[in-house]
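Here is a quick walk through one model, from the inside outwards. Have the structure open and follow along.

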Amino acid sequence: MSQICCVTGKRPQIGNTVSHANKKAKRRFNINLHIKRFWLEDQQRFIKLKVSTKGIRIIDKIGIANVLASMEKYHSDIAR
């Protein structure tokens, strides 16, 4: 299962766990992802998105319709 936020594009980061003796071991810093349902008023249906907490805050601030429009614009640029 891919750990990528649909809105922000955030991914897990790689880093080190550093012990008291300064020994380093690789570890993965996962992001705080949630699978959340959002209601689309114009289409009268729910959609499920895998979003980070930052993505949820962005959706709360500017609205799901604006976020989806910007996502479609971004994905259409990639498809060309």
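## Leucine 49 and its company

This is a predicted model, so keep that in mind while you click around. A good place to begin is leucine 49. Setting aside neighbours within four places in sequence, leucine 49 is in contact with Cys6, His34, Ile35, Lys36, Phe38, Ile59 and Ile64.

Several of those names come back in the largest nonpolar core, which has 14 residues. Phe38, Ile47, Leu49, Val51, Ile59, Ile64 and Leu68 are the ones with the most contacts inside it. Four elements give two or more residues each to this core: strand S3 (33-40), strand S4 (45-52), helix H1 (53-62) and helix H2 (64-79). H2 puts in the largest share, with four residues. As a general point, nonpolar side chains in soluble globular proteins tend to be buried together.

## Isoleucine 59, the helix side

Now hop over to isoleucine 59, which sits in helix H1. Is isoleucine 59 buried or exposed? Its relative accessibility is 5%, and the cut-off for buried is under 20%, so isoleucine 59 counts as buried.

Leaving out residues up to four places away in sequence, isoleucine 59 touches Val7, Phe38, Leu49, Val51, Ile64 and Val67. For a sense of spacing, take isoleucine 59 and leucine 33: they are 26 residues apart in sequence, and their C-alpha atoms are 14 Å apart in space.

## Serine 52 in strand S4

Serine 52 belongs to strand S4. Serine 52 is buried as well, with a relative accessible area of 3%. Not counting residues up to four places away in sequence, its contacts are Cys5, Thr8, Lys10, Asn32 and Leu33.

## Two cysteines, no bond

One of the residues that serine 52 touches is Cys5, so how many disulfides does the structure hold? Zero. Cysteine 5 is in no disulfide, and the nearest cysteine sulfur, that of cysteine 6, is 6.4 Å away. Since a disulfide needs the two sulfur atoms within 2.5 Å, that gap doesn't qualify.

Cysteine 6 is likewise in no disulfide, with the sulfur of cysteine 5 as its nearest, 6.4 Å away. What about their surroundings? Cysteine 5 is buried, at 3% relative accessible area, whereas cysteine 6 counts as partly exposed at 34%.

## Rings and charges

The count of aromatic pairs comes to one. Tryptophan 39 and phenylalanine 46 make that pair, with 4.9 Å from centre to centre and 65° between the planes, an edge-to-face arrangement. Tryptophan 39 is partly exposed, with a relative accessible area of 35%, and phenylalanine 46 is partly exposed too, at 41%.

Phenylalanine 46 has a charged visitor: arginine 37 lies over its face, at 3.8 Å from the ring centre. Phenylalanine 38, one of the core residues with the most contacts, has lysine 36 over its face, at 5.8 Å from the ring centre.

## The S1–S2 hairpin

Last stop, the hairpin. Strand S1 (residues 13-18) and strand S2 (residues 24-29) run antiparallel and are joined by six bridges. Within this pairing, isoleucine 14 stands opposite arginine 28 in S2.

Five residues lie between S1 and S2 in the hairpin. Which residue in the turn has a positive phi? That is asparagine 22, with a phi of about 65°.

Technical notes. Residues numbered from 1 in each chain as written. Predicted model: local features only at pLDDT ≥ 70, side-chain atom pairs only at ≥ 80, totals over all residues. Heavy atoms only, no water. Core = buried A, V, L, I, M, F, W, Y, C linked by side-chain atoms within 4.5 Å. Buried < 20%, exposed > 50% of the residue type's maximum accessible area, 1.4 Å probe, protein only. Contact = heavy atoms within 4.5 Å. Phe/Tyr/Trp six-rings, centres within 6.5 Å; stacked < 30°, edge-to-face > 60°. Lys NZ or Arg CZ within 6 Å of the ring centre and 35° of its normal. Pairing = 2+ DSSP bridges.
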